[in-house]
Amino acid sequence: MFLKNRNNGDIVDVERLCDLTNLFHDKILGSYQVGEELQDPQEFNKVDLIFLSGEELPKCWTDPKYREHK
């Protein structure tokens, strides 16, 4: 799955979708999609990632207390 880094606008290829959707994981492993060569994987904070459309990630992926914010 591809997301965008909100700080620099670069595209990030997420390694494991289960880490992204797990609300108790603050970081995911992914790699930037820049240039022609495959980039080395690195950790990204989920709060720094957004969908390619510019939408935020769902609260149920990022906030363990999302049900308390009603």
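This briefing walks through the core, an aromatic pair, the salt bridges and a surface patch of the structure above. Keep in mind that the model is predicted. Its largest nonpolar core has 10 residues, and a search of the whole structure finds 2 aromatic pairs and 2 salt bridges. Let's take these topics one by one.

**The nonpolar core**

- In soluble globular proteins, nonpolar side chains tend to be buried together.
- Here, the largest nonpolar core brings together Leu3, Val12, Val14, Leu20, Ile28, Tyr32, Phe44, Leu49, Leu57 and Trp61.
- Strand S2 (11-14) and strand S3 each supply at least two residues of this core.

**An aromatic pair inside the core**

- The whole-structure search for aromatic pairs gives 2 of them.
- In one of these, Tyr32 and Phe44 meet edge-to-face, with 5.1 Å from centre to centre and 90 degrees between the planes.
- This pair links distant parts of the chain, as Tyr32 belongs to strand S3 (residues 27-32) and Phe44 to strand S4 (residues 42-45), 12 residues apart.
- Are these two residues buried or exposed? Both Tyr32 and Phe44 are buried, and both are members of the largest nonpolar core.
- Leaving aside residues up to four places away in sequence, Tyr32 touches Asn5, Asn8, Asp10, Ile11, Val12, Gln39, Gln42 and Phe44.

**Salt bridges**

- Side chains of opposite charge can pair when their charged atoms come close.
- One salt bridge joins the side chains of Glu56 and Arg6, at 2.6 Å from N to O.
- This bridge links distant parts of the chain: Glu56 sits in the loop between S5 and H2, while Arg6 sits in the loop between strand S1 (2-5) and S2, 50 residues apart.
- Glu56 is partly exposed, because its relative accessibility is 48%, which lies between the 20% limit for buried and the 50% limit for exposed.
- Arg6, at 37% relative accessibility, also counts as partly exposed.
- Another salt bridge joins the side chains of Arg16 and Asp19, at 3.9 Å from N to O.
- Arg16 has a relative accessible area of 48%, so this residue is partly exposed.
- Asp19 has a relative accessibility of 13%, so this residue counts as buried.

**A nonpolar patch on the surface**

- Which residues form a nonpolar patch on the surface? They are Phe2, Ile11 and Leu52, with about 250 Å² of accessible area together.
- Leu52 is found in the loop between strand S5 (49-50) and helix H2 (59-62).
- With a relative accessible area of 43%, Leu52 is partly exposed.
- Ile11 also appears among the residues that Tyr32 touches.

Key:
Residues are numbered from 1 along each chain as its sequence is written. This is a predicted model: local features need pLDDT of at least 70, side-chain atom pairs count only at pLDDT 80 or more; totals for chains, interfaces and linings use all residues. Side-chain values use heavy atoms; hydrogens and water are left out. Patches are made of residues with over 30% relative accessible area and no salt bridge: like charges are joined within 9 Å, nonpolar side chains (Val, Leu, Ile, Met, Phe, Trp, Tyr) within 5 Å. Accessible areas come from the Shrake-Rupley method with a 1.4 Å probe; for residues, only the protein chains shown count as cover. A salt bridge is a side-chain nitrogen of Lys or Arg within 4 Å of a carboxyl oxygen of Asp or Glu. Helices (H or I, at least four residues) and strands (E, at least two) are DSSP runs, numbered from the N terminus. Buried means under 20% relative accessible area, exposed over 50%, partly exposed in between (1.4 Å probe, protein chains only). Rings of Phe, Tyr and Trp (its six-membered ring) pair if their centres lie within 6.5 Å; planes under 30 degrees apart count as stacked, over 60 as edge-to-face and the rest as tilted. A nonpolar core is a set of buried Ala, Val, Leu, Ile, Met, Phe, Trp, Tyr and Cys residues joined through side-chain atoms within 4.5 Å. Contact means heavy atoms within 4.5 Å.
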